[in-house]
Each structure stands twice: as structure tokens, then as C-alpha cells.
Amino acid sequence: MEQLSPFWFVTVVTLLSGAGGTGLGGAIGALFRTESNRTISLLLAFAGGIMSAMVCFDLIAEAVEAATLASAGGVWLVIGAVVLGVGVVYGLNFLIDRHTTGEVPHSRSSDHPQTHDDIDELIHADHWIEHRKAGRSRAGLVVAGVVMAAAIALHNIPEGMTIGASFAISDDLFLGTGMTMAVLIGLHNVPEGMAVAVPLIGGGMGRAKAVLITAACGIPTLVGAWLGLWLGDVGPVGLAVSLGFASGAMLYVVYGEIVPEAFLMYRSKLPAFAIIGGILLGLALIF
């Protein structure tokens, strides 16, 4: 049987990571209400550690090497691309928070953490509870779910660039950096899928339809993956910009979302050890 070309291989893997990850989260949100804060905290921390290693020891290093070879500003071009990646993902997350934080009364308190500190908040379940207690219409909750779905769909584009850029520098499609990043981003997408599905189902939408809509939120990841793969093939400058942008996007996801959530959800030293363990495993996978 003829093997898939690299382009189609990346396409299939990205679909599984994007649509598959959010769809799995949607299915979990449709079947279950809560999970263990401790378990999810440690999984998030461990995944964050692996992502940190992949970004710092592989993606950024490759980006600087490509920019230096092209005599295109070297490390300063990469720093600019990283800052751009951080800024874009921060802006998208700001839009998500702006449209969801006000739905839950206690989240408007000045002493409430900006990052979710409970799995119910992370998956939007407490928004459903507050809507029901206040006797609000189901339509309002569906709107909240749709807003979250649209924001997460946009958010997945830079995450897709990370997958595409990682595959652009992978010597082995099956065991390289690209596949590792695709798996990690897929795991990261699971709670995002839960955040979309819970309010949709709470608003009266059928479970199957809600899961399908949730999975569709991951499809834009493909656009980012194709863009990252294309920039990686354009030349050293394109590869440096693509890797730098993808690195910035992932750094914000890790240190602006994953790590704070891990520590707030399980207030212990264990998430720190999970991060360290993830970094060491990431180092082993790279070298």
C-alpha cells in the first residue's frame, strides 16, 4: 500500500490532534461532570514540562540556527517572532476571558484568580450551574457555548502552526518533534473541548450534536499546521519565523494557562515535580 505523503500525513495527524482532542473533550463533557483536580493538575503540569523542553531545546534552537544561516538578524528575528506568537495567543485568550468571566458572579471578585482553580471552572460547568440557579434562559447558555467555540477555534490556529513547524524540522515523521507536539496539543485540547460541550448541552442541545460542534472547533488547527509547514519549506527565514511564532504561542499556552491551572487546581509541590519530570522526558525524547 502506498504511504501517505508528508503533507497528508501531517494533515491526518493534525486532524486527530485538533478535532480529535476537542471532540474527545466534548464527549467527556457530555458523559461526565467532574474529574479529579489532582489527576488533571499533574497531567497538565507533566505535559507543560514536555512542551517547555520541546520549545526551548528544539524549536527555538532550530529557529536561531535557521535565522543565523540566512543572515537575517539571527536571534533578534527569532525573539521578535516569539513575542508576536505570545501576543497573538494572549489576545485570543483575552477575548475568551472577556466573554466568559462575567457569567459567574464570584469570578468578578477582585481576589478571584485570573486562571481557573477548579475543574468545574476549567470546563465551564460552574457557568451552567450559575445559569440554572439564576433561572436564565437556555438560549443564553447556548450563546455562551458558541462564543467559547468560536474563540477556541481561532485559538487553535497558532497551536496548529506549532505542529506544522515541528514537522518541518522532523527527520522522522513518526517519532520526531512533530508527532510529540501533536500528541501534547491533542491532550491540551481535551479540557478545551469540555469547556465548549458543557454549556451547549446545558442549554438543551443534543449530546451528539454538541460533541460534533466541539470537534469542529479543532478543524482550524489544520490551517495553522499547513501555514507552519509551508513557511518551513519557504526557506531559512520562513522557517525561523514559523518556529519562533509557534514557540511563542506554546510558551504562552504553557506558562499563561497550563502551569497556573496546574498549581491552582492542586496546591502542592507535586505539580512542580511533574513539570521537572516532563522537562527531563522532553529532553530524552529530543536527544
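Let's start with helix H9, residues 221-234, and a quick length check. It has 14 residues, and at 1.5 Å a residue they should span 20 Å. The C-alpha atoms at its two ends are 20 Å apart, so the expected span and the model agree. And yes, this is a predicted model, so keep that in mind throughout.

Now, which residues of H9 are buried? They are Thr221, Leu222, Gly224, Ala225, Gly228, Leu229, Leu231 and Gly232. Then look just after H9: glycine 235 has a positive phi there, about 160°.

Okay, let's zoom out for a second. The protein has 11 helices and zero strands. Read from the N terminus, the elements go α-α-α-α-α-α-α-α-α-α-α. There are 287 residues, and 53% of them count as buried. Also, take the contacts with a separation of 6 or more: 83% of those come from residues 24 or more positions apart.

Here's one pair of residues that are far from each other in the sequence. Leucine 69 and valine 237 sit 168 residues apart along the chain, yet their C-alpha atoms are separated by 8.9 Å. Leucine 69 belongs to helix H2. Is leucine 69 buried or exposed? Its relative accessible area is 68%, and the cut-off for exposed is over 50%, so leucine 69 is exposed.

Next up, helix packing. We describe two packed helices by the angle between their axes and the distance between the axes.

First example: H2, residues 37-69, with H11, residues 270-286. Their axes come within 7 Å and cross at roughly 40°. That makes H2 and H11 oblique to each other, because the roughly parallel class takes angles under 35 degrees. The crossing of H2 past H11 is right-handed. Who's touching whom? On the H2 side, the residues include Arg38, Leu42, Phe46, Gly49, Ala53 and Phe57, and on the H11 side they include Leu270, Ala274, Gly278, Leu281 and Ile286. Sorted by class, that contact has 16 nonpolar, six polar and two charged residues.

Second example: H10, residues 236-265, against H11. Here the angle is about 145°, and the axes are 9 Å apart. Val259, Ala262 and Phe263 from H10 meet Pro271, Ala272 and Ile275 from H11. What about the classes in this contact of H10 with H11? We get six nonpolar residues, no polar ones and no charged ones.

One last thing to look for on your screens: Pro271 and Ile275 of H11 meet residues of H10, and both are also listed in the contact with H2.

Terms used
Residues are numbered from 1 along each chain as its sequence is written. This is a predicted model: local features need pLDDT of at least 70, side-chain atom pairs count only at pLDDT 80 or more; totals for chains, interfaces and linings use all residues. Side-chain values use heavy atoms; hydrogens and water are left out. Axes are lines fitted to C-alpha atoms, for helices over the stretch in contact, and angles run from 0 to 180 degrees between N-to-C directions. Helices (H or I, at least four residues) and strands (E, at least two) are DSSP runs, numbered from the N terminus. Angles under 35 degrees count as roughly parallel, over 145 as roughly antiparallel, 65 to 115 as roughly perpendicular and the rest as oblique. A crossing is left-handed if the near helix is turned anticlockwise from the far one by less than a right angle, and right-handed if clockwise. Contact means heavy atoms within 4.5 Å. Ala, Val, Leu, Ile, Met, Phe, Trp, Tyr, Cys and Pro count as nonpolar, Asp, Glu, Lys and Arg as charged, and the others, Gly among them, as polar. The expected span of a helix is 1.5 Å times one less than its number of residues. Buried means under 20% relative accessible area, exposed over 50%, partly exposed in between (1.4 Å probe, protein chains only).
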